[in-house]
Amino acid sequence: MRVLKWIVDRARVRAQASETPIGWVPHYEDMEWKGLDFPREKFEALQDFNNAAWRHEVIEHEELFILLHDHLPKEMVYERELLILPFVNGT
């Protein structure tokens, strides 16, 4: 429910987010922490994005996408291409 609240708040411009290669992620202060002992440091560690690990993960999916290409919606293929584009360009 906490994540859903953040999503609704984002849609109503009451919460912020940071952009990552895999999408938008919440800021610590925009999440509801009432009743939880969840320190900012732990949240930040979980939100840390490892470009090398993500690149490896995306490349690992290549064979599967080649096998399924003809059976996937074109939108899914397009979204994957958007994900791998930064890695193809060397960033």
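A residue counts as buried when its relative accessible area is under 20%, as exposed when that area is over 50%, and as partly exposed in between. The exercises below use this scale on a predicted model.

**Exercise 1. Classify Y28 as buried or exposed, and describe its surroundings.**

Step 1. Place the residue. Y28 sits in the loop between β2 and α2 (40–47).

Step 2. Apply the scale. The relative accessible area of Y28 is 16%, so Y28 is buried.

Step 3. List the contacts. With neighbours within four places in sequence left aside, Y28 is in contact with W33, F38, P39, R40, F43 and E44.

Step 4. Compare the sequence with space. Y28 and E41 are 13 residues apart along the chain, and their C-alpha atoms are separated by 9.5 Å.

**Exercise 2. Find which salt bridges R40 forms with E29 and with E44, and state where the partners lie.**

Step 1. Start with E29. The side chains of R40 and E29 form a salt bridge with an N to O distance of 3.0 Å. This pair links distant parts of the chain: R40 belongs to helix α2, E29 to the loop between β2 and α2, and they are 11 residues apart.

Step 2. Turn to E44. Its side chain meets that of R40 in a salt bridge at 3.7 Å, N to O. Both E44 and R40 are in helix α2, four residues apart, which is about one turn of the helix.

Step 3. Check the accessibility. R40 has a relative accessible area of 37%, so it is partly exposed. E44, at 39% relative accessibility, is also partly exposed.

**Exercise 3. Determine which helices the salt bridge between R80 and E62 ties together.**

Step 1. Confirm the pair. The side chains of R80 and E62 meet in a salt bridge, 2.9 Å from N to O.

Step 2. Assign the helices. R80 lies in helix α5 and E62 in helix α4, so the salt bridge ties together parts that are 18 residues apart in sequence.

Step 3. Classify both residues. R80 is buried because its relative accessible area is 11%, whereas E62, with 35%, is partly exposed.

Step 4. Set the pair in context. The structure holds five salt bridges. Elsewhere, K5, D9 and R14 are linked in a network of salt bridges.

**Exercise 4. Describe how β1 and β2 are paired, and where T20 stands.**

Step 1. Give the sense of the pairing. Strand β1 pairs with strand β2 (residues 23–26) in the antiparallel sense, over four bridges.

Step 2. Describe the connection. β1 is joined to β2 by a hairpin through two residues.

Step 3. Name one bridge. V25 in β2 is the bridge partner of S18.

Step 4. Look at T20, which is part of strand β1 (residues 17–20). Its relative accessibility is 17%, so T20 counts as buried. Neighbours within four places in sequence aside, T20 is in contact with V25 and F49.

**Exercise 5. Classify M1, V13 and H71 as buried or exposed.**

Step 1. Take M1, in the segment before α1 (2–11). M1 has a relative accessible area of 80%, so it is exposed. Together with V3, L4 and I7, M1 forms a nonpolar patch on the surface, with about 440 Å² of accessible area in total.

Step 2. Take V13, in the loop between α1 and β1. At a relative accessible area of 68%, V13 is exposed. Phi of V13 is near 55°, a positive value in a residue other than glycine.

Step 3. Take H71, in the loop between α4 (62–68) and α5. With 68% relative accessibility, H71 counts as exposed. From H71 to R12 the separation is 59 residues in sequence and 36 Å in space, C-alpha to C-alpha.

**Exercise 6. State which element has the lowest mean pLDDT and which the highest.**

Step 1. Begin with the chain. Its mean pLDDT is 87, and 95% of its residues reach 70 or more.

Step 2. Go to the elements. Helix α5 (residues 74–88) has the lowest mean pLDDT, 80, while α1 has the highest, 95.

Step 3. Recall the general caution. Where pLDDT is low, the predicted coordinates should not be read in detail.

Conventions: Residues are numbered from 1 along each chain as its sequence is written. Side-chain values use heavy atoms; hydrogens and water are left out. Buried means under 20% relative accessible area, exposed over 50%, partly exposed in between (1.4 Å probe, protein chains only). Contact means heavy atoms within 4.5 Å. Patches are made of residues with over 30% relative accessible area and no salt bridge: like charges are joined within 9 Å, nonpolar side chains (Val, Leu, Ile, Met, Phe, Trp, Tyr) within 5 Å. Accessible areas come from the Shrake-Rupley method with a 1.4 Å probe; for residues, only the protein chains shown count as cover. A salt bridge is a side-chain nitrogen of Lys or Arg within 4 Å of a carboxyl oxygen of Asp or Glu. pLDDT is the predictor's confidence in each residue, from 0 to 100. Two strands pair if DSSP finds at least two bridges between them.
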